[in-house]
Amino acid sequence: MSEGVKLIEVIDLKKHFKIHDGILKAVDGVNLHVQRGETVALVGESGCGKSTLARLVVRLIEPTSGSVLFKGKEIFSLKGEELGRFRRSVQIIFQDPFASLNPRLSILGTLSEPLRIHRLVEKKEIKDRVAELLRSVGLSPDDMHKYPHEFSGGQRQRICIARALSVNPELIVADEPLSSLDVSVQAQILNLLHELRTEQNLSFLFISHDLRVVHYFSDYVMVMYLGRIVEEAPAEVLFSKPLHPYTVMLLEAIPSITKPKTKKGPLIIDDIPSPLNIPSGCPFHPRCPERFEPCDRITPELKPKEDSRVACHLY
Ligand SMILES: Nc1ncnc2c1ncn2[C@@H]1O[C@H](COP(=O)(O)OP(=O)(O)O)[C@@H](O)[C@H]1O
Ligand code: SF4
Ligand SMILES: [Mg+2]
C-alpha cells in the first residue's frame, strides 16, 4: 500500500471465542490498514472471520488481543467525546438491510435518530437533511413517511446507506452489503456506493465473499482464510497475477474473469475446514493441489513477493 493518512490500522488482531468443545479462532493475527479515500476489500469464504473482523473494527466487540487504531489512537480505550467522534466517523453497513432497520420506525425516524444523537443539525432542519439524504441515495423525499416493510431489499439497503452517511463518516465498513440482494439490484447499489465514494471522498473496508464485486470496487484486496490473511495486493495485481493457490481457486470460481490455470488440475472446493479445528502447517493444505513436503508441517508467514504479500511455501 502506498503511504498516506492511515484512517484505520489493524495490528495483529485476534478474536478467539471460547466455545464448549474448545477455542474457535475466528480472527487470528490480522494486520491491515485503510488510508483516506482508499477502498480495501476483504475477501474469503463464509466463516473465515470477515464479519468478526468488521465488528472489531467498528468496536461492536472487543478483541482477544491486538489493536485497532483510528487516526493513530487505540479505539478500545476511547471514551467520552473521542469515542463519540469515532462512532460518527466509522459507520457499518450490514448484509441484511431488513434486520438492521427498526420496523416500528418510519424512515424519518430512522434517519433522524443519528442526527439527534450526535446533535448534527438543528431540530427544524432535520426534515431537510433527511430529504437530502434520501435524494443522495436515489430515493424520494416523500419516502420519509414510509416504514421499512414498504420498500424492496435494494431500497432498504439504500436507506441503510443513507443512515450511515447521515453523520458524515470518513470510513464505511460494508459487510457484504450486496449479498442479500437480487443480482440486478446488486449492480445498482454498487454504482451508488461508487458515486458516493467519489463525491464524498469516503474510505471503505469492503467485505465480500465474491471477488467479482471486489474487482470493480477496490484499490487493494486482502484474501482471508480461516482467520488469517493469505494474500494481499493492489487490486490490478491480485487479479492479473494471483499467487496463493486459494486466491486462484476463488478466481476460478468466477466465470467471467480470465485467469491463469493452476498447474496441477482443479482445486478441491468442498470440505471447508472449521476455524475450530484449523489444519496443521498451511491451513489451506488439505484443499491445495500444489501442496508439497513442508505444507502440512510448517505454517507459511505472510511475506512480500513483488507487489504482493503472500503466505505460501511456493514463494
Ligand atoms: N459470538 C460468537 N461466538 C462463537 N463463535 C462465533 C461468534 N461469532 C462468530 N463466530 C464464529 O467465528 C467464525 C467466523 O465467523 P464470521 O466472522 O461471521 O465469518 P464470515 O463473516 O467470514 O462468514 C465462524 O466459525 C463463526 O461461527
Ligand atoms: S503453503 Fe503449500 S499447501 Fe499452502 S497454499 Fe502454498 S503450496 Fe498450498
Ligand atoms: Mg459475514
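1. Let me start with ligand 2 in this predicted model. By class, the shell around ligand 2 holds eight nonpolar, three polar and two charged residues. In total, 13 residues surround this ligand, and Cys282, Cys288, Arg291, Cys295 and Cys312 are the closest. Four cysteines and an arginine in that list are a good place to begin looking.

2. Ligand 1 also has 13 residues around it, the closest being Phe17, Ala26, Lys50, Ser51 and Thr52. Strand S1 (6-19), S2 and H1 each give two or more residues to this shell, and the largest share, three residues, comes from H1. Here the classes come out as six nonpolar, six polar and one charged.

3. Helix H1 deserves a point of its own. It spans residues 50-57 and is mostly covered, with seven of its eight residues buried. The buried ones are Lys50, Ser51, Thr52, Leu53, Ala54, Leu56 and Val57. Lys50, Ser51 and Thr52 are thus buried residues of H1 and also among the closest to ligand 1. Just after the helix, do have a look at arginine 59, where phi is positive at about 60 degrees.

4. Next, the sheet. Eight strands form an open sheet with mixed pairing, in the order S6-S7-S8-S3-S9-S10-S12-S11. Its edges are strand S6 (90-93) and strand S11 (303-305), each of which pairs on one side only. On average, neighbouring strands are turned by 20 degrees against each other, direction ignored.

5. At the S6 edge, S6 and strand S7 (residues 171-175) run parallel and are joined by four bridges. One pair to check is isoleucine 92 with its bridge partner in S7, valine 173. H1 packs on this sheet, where it touches strand S3 (39-43), S6, S7, strand S8 (203-208) and S9; the direction of H1 makes about 155 degrees with that of S7.

6. Finally, the domains. The assignment for the protein chain gives domain 1 (6-225) and domain 2 (240-315). Taken over C-alpha atoms, their centres are 29 Å apart. Contacts between them involve 13 residues of domain 1 and 14 residues of domain 2. On the domain 1 side, strand S2 (22-35), helix H7 (211-215) and strand S9 (220-225) each give two or more residues, and S2 makes the largest share with four. That side of domain 1 divides into six nonpolar, four polar and three charged residues. Note that S2 contributes to this contact side as well as to the shell around ligand 1.

Key. Residues numbered from 1 in each chain as written. Chains lettered and ligands numbered in written order. Predicted model: local features only at pLDDT ≥ 70, side-chain atom pairs only at ≥ 80, totals over all residues. Near = placed C-beta within 6 Å. Nonpolar A, V, L, I, M, F, W, Y, C, P; charged D, E, K, R; others polar. Buried ≥ 20, exposed ≤ 12 C-beta atoms within 10 Å, placed from the backbone. Domains from an automatic or database assignment. Contact = placed C-beta atoms within 7 Å. Pairing = 2+ DSSP bridges. Axes fitted to C-alpha atoms, helices over the stretch in contact; angles between N-to-C directions.
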